[in-house]
Amino acid sequence: MIESSRRAPVARRRFLTALAGLGFIWAASAHSAEMLVHVHGLAYSADGKTLMVPSHHGLAIYERGKWRKAPGLQHDYMGYSATRERIYSSGHPAPGSGLANPFGLIRSKDGGRTWDKLGLEGETDFHQLAAGWNTNAIYIWNPAPSSRMKKAGLHYTLNDGLVWRAAAAAGLSGEPQALAVHPDNPATVAVSTAEGVFLSRDHGARFIPVARGVQGLALHFDLDGKRLWLGSFAADAAHLSRIDLETRMIEPAPTPHWGRDAVSYVAQNPVSRAEYAIATFGRSVFLSRDAGRTWAQIADRGRVR
């Protein structure tokens with residue numbers, strides 16, 4: 001399986017089924033050499049020195065050309081999203097930790113060493129979660145009604161979960177597979193679905209399509225807020241592209257030689273902004289230091305280099 005053992009959203013399950021028919025799916029083995037059993041996110045630390053890869057069994061760290069496991073309990077982090085000041089996540093605690101399962105929404109102010117509970121523990125696991133780099137605005141796709149959210153669907157908070165607001169999401173078509181929040185404008189959020197990519201500038205009240213006819217899989221706003229990176233699947237092939245938010249022009253981006261795979265996450269280094277990382281459904285990770293023109297592989301199907 002590529003996703004967590006918990007059930008993936010319906011649209012993503014359909015995508016994985018389609019990839020399986022084309023030979024895109026790999027089985028994750030239990031070999032100890034495979035540090036990335038699953039990949040549940042991708043983010044840089046605020047100082048740009050560390051690439052964080054949350055996995056099914058804890059957090060993998062890439063720093064100074066080497067991989068290591070983060071110390072502490074090996075939680076199953078989901079919806080992992082970093083901002084300039086904080087890290088937000090959801091997911092499931094490590095066996096024997098005694099923590100409520102699922103996490104609901106949690107927050108770290110010290111790079112993931114310790115975590116604060118922000119509510120909904122024991123109730124909700126947010127697979128689709130994204131936060132604004134400079135604003136800490138958090139958007140989630142709520143899978144089911146809960147004590148804090150009376151219905152399923154898109155919600156957001158501007159105060160770390162103290163108050164949640166439901167978004168009308170008018171114009172959004174298809175089940176969300178990825179979210180991205182503008183780095184500076186908390187009202188701007190992008191959502192990718194099986195039917196395309198949609199953009200809202202009013203806290204998700206209304207969406208307009210910025211890419212049609214593709215299945216959007218991964219989304220990431222450039223930290224200057226001018227472009228939106230898109231990992232997608234269309235015409236029986238996987239693609240990586242960038243959408244200019246002013247002109248809405250879609251520019252194909254060079255892709256590494258990854259074989260039969262597809263992008264699941266994109267991240268940009270906040271200090272060295274020409275550096276990007278991408279993770280794939282096949283549990284490979286690639287690094288570019290020239291704004292995505294060329295890529296070097298640093299993990300191959302879960303095995304680190």
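A nonpolar core is a set of buried Ala, Val, Leu, Ile, Met, Phe, Trp, Tyr and Cys residues joined through side-chain atoms within 4.5 Å. In this predicted model, the largest such core has 17 residues, and the members that touch the most others are Leu 36, Leu 42, Leu 51, Val 53, Trp 67, Val 285 and Ile 298. Five elements each contribute two or more residues to this core: strand 2 (50-55), strand 3 (58-63), strand 22 (276-280), strand 23 (285-288) and strand 24 (296-300). A second, separate core holds 16 residues, among them Trp 229, Phe 233, Leu 240 and Val 263.

Trp 67 is a good residue to look at in the structure. Leaving aside residues up to four places away in sequence, Trp 67 touches Met 35, Leu 36, Val 53, Ala 60, Ile 61, Tyr 62, Val 285, Ile 298, Ala 299, Val 304 and Arg 305.

The chain as a whole comes next. One helix and 25 strands are found in the chain. Of its 305 residues, 58% count as buried. The accessible surface comes to about 12,900 Å², and carbon and sulfur atoms account for 51% of that area. Among contacts between residues at least 6 apart in sequence, 42% join residues at least 24 apart.

With the strands in view, their pairing can be followed. Strands of a sheet pair through backbone hydrogen bonds, either parallel or antiparallel. One open sheet has five strands in the order 21-22-23-24-25, with antiparallel pairing. Strand 21 (263-268) and strand 25 (303-304) are the edges of this sheet; each has a single partner strand, so one side of each lacks a neighbour in the sheet. At one of these edges, two bridges connect strand 24 to strand 25, and Asp 300 has Arg 303 of strand 25 as its bridge partner.

Strand 11 (residues 153-157) gives another view of pairing. This strand is mostly covered, with five of its five residues buried. Strand 10 (residues 138-142) runs antiparallel to strand 11 and is joined to it by five bridges; within this pair, Ile 138 is partnered with Thr 157. Strand 11 is also joined to strand 12 (residues 165-166), again antiparallel, by two bridges. Here His 155 stands opposite Ala 166.

Charged residues add a further set of links. Side chains of opposite charge can pair when their charged atoms come close. Across the whole structure, eleven salt bridges are found. One of them joins Arg 68 to Glu 63, with the closest N and O atoms 3.0 Å apart. Arg 68 has a relative accessibility of 39% and so counts as partly exposed. Glu 63, at 23%, is also partly exposed, because the buried class is reserved for values under 20%.

Arg 86 takes part in two salt bridges that can be traced in turn. With Glu 85, the N to O distance is 4.0 Å, and Glu 85 is partly exposed at 43% relative accessible area. With Asp 160, the N to O distance is 2.9 Å. This second pair links distant parts of the chain, as Arg 86 lies in the loop between strand 5 (76-82) and strand 6 (87-92), while Asp 160, 74 residues apart from it, lies in the loop between strand 11 and strand 12. Asp 160 has a relative accessibility of 9% and therefore counts as buried. These three residues belong to a network of salt bridges that links Glu 85, Arg 86, Arg 107, Asp 116 and Asp 160.

Note on methods. Residues numbered from 1 in each chain as written. Predicted model: local features only at pLDDT ≥ 70, side-chain atom pairs only at ≥ 80, totals over all residues. Heavy atoms only, no water. Buried < 20%, exposed > 50% of the residue type's maximum accessible area, 1.4 Å probe, protein only. Helix = DSSP H or I, 4+ residues; strand = E, 2+ residues; numbered from the N terminus. Pairing = 2+ DSSP bridges. Contact = heavy atoms within 4.5 Å. Areas by Shrake-Rupley, 256 points an atom, 1.4 Å probe, with all protein chains shown as cover. Salt bridge = Lys/Arg side-chain N within 4 Å of Asp/Glu carboxyl O.
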